[in-house]
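Colleague: I would be grateful for a close look at a single helix of this model and at the parts of the structure that surround it. Please set it in its wider context as well.

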Amino acid sequence: MKKILYLLLDKWADWEFAYISSAVNMLGNGKFSNKTVALGKECVTSIGGLKCVPDYSIDEITQDYAALILIGGLSWRSDDADKVKQLALDCAKSGRVLGAICDACRFLATTGVLNEAQHTANDIRELKAYSAYNNEKEFLHRQAARGANIITANGTAPLEFAAEVMRALQVADEGTIKEWYDFHKLGLYTAAMPNMR
């Protein structure tokens, strides 16, 4: 079973976590396990007030994971985010899937990880403010982007982000991922869902 780690800082964004974790569970045919990680083992609370007791602290992570997903939120500009830097660098260097959404993309710019891949974020101007970032030429004005093993998305793109992560990990075939995406993006009565008619 392939382990996907979702890193949650306090005030994590509920909607950026919900689509991807549920899609992996629903479409992955038992081949993947979702695990939460935080800086410590204490409960971390989402923007919406949901409380999550993490499966692992950042110090307990072993090397047997397939992907590290940095869920956005309101704490990526705090000192706490600096404690994630080495983990993100190690993940990118190892070739594992590294995903970041919303303000977590801005955080990746501070590590230099985005300098080697096509990427997106909430705003290119934010990325350019960091001396570690020097890859404006590969910034894409898209909801989500995948460059090599790096997947990024802006904060309004949890569905696009989830779909790109699933493609990178081969959670399901392309047709199934597209059906899932269309159903959630377009709605029950608009999506062309052959099994729903």
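**Helix α1 and its surroundings**

Modeller: In this predicted model, the buried residues of helix α1 are D14, E16, F17, I20, S21, A23, V24 and L27. An α-helix has 3.6 residues a turn, so residues three or four places apart point the same way. The cover over the buried residues of α1 includes the strands β1 (2–7), β2 (32–38), β6 and β7, together with the helices α6 (158–169) and α7 (174–186).

The length of α1 can be checked as well. The helix comprises 14 residues, 14–27, which at 1.5 Å a residue should span 20 Å; the C-alpha atoms at its ends lie 20 Å apart, so the two values agree. Just after α1, N29 adopts a positive phi of about 50 degrees.

The strands named above belong to an open sheet of 7 strands with mixed pairing, in the order β5-β2-β1-β6-β7-β9-β8. At its edges stand β5 (56–57) and β8 (144–147); each has a single partner strand, so one side of each is left without a neighbour in the sheet. The pairing of β8 with β9 (residues 150–153) is antiparallel and comprises 4 bridges, and A145 has T152 in β9 as its bridge partner.

Another helix, α4 (residues 103–111), lies across β6 (65–70), β7 (97–101) and β9, and runs at about 120 degrees to β7.

The loop between β5 and β6 holds T62. T62 has 43% relative accessibility and therefore counts as partly exposed, and its side chain makes a polar contact of 2.5 Å with the side chain of D64.

Definitions and conventions:
Residues are numbered from 1 along each chain as its sequence is written. This is a predicted model: local features need pLDDT of at least 70, side-chain atom pairs count only at pLDDT 80 or more; totals for chains, interfaces and linings use all residues. Side-chain values use heavy atoms; hydrogens and water are left out. Two strands pair if DSSP finds at least two bridges between them. Helices (H or I, at least four residues) and strands (E, at least two) are DSSP runs, numbered from the N terminus. Contact means heavy atoms within 4.5 Å. Axes are lines fitted to C-alpha atoms, for helices over the stretch in contact, and angles run from 0 to 180 degrees between N-to-C directions. The expected span of a helix is 1.5 Å times one less than its number of residues. Buried means under 20% relative accessible area, exposed over 50%, partly exposed in between (1.4 Å probe, protein chains only). A polar contact is a pair of N or O atoms within 3.5 Å; within protein, one must be able to donate a hydrogen and the other to accept it, and residues adjacent in sequence count only if both atoms are side-chain atoms.
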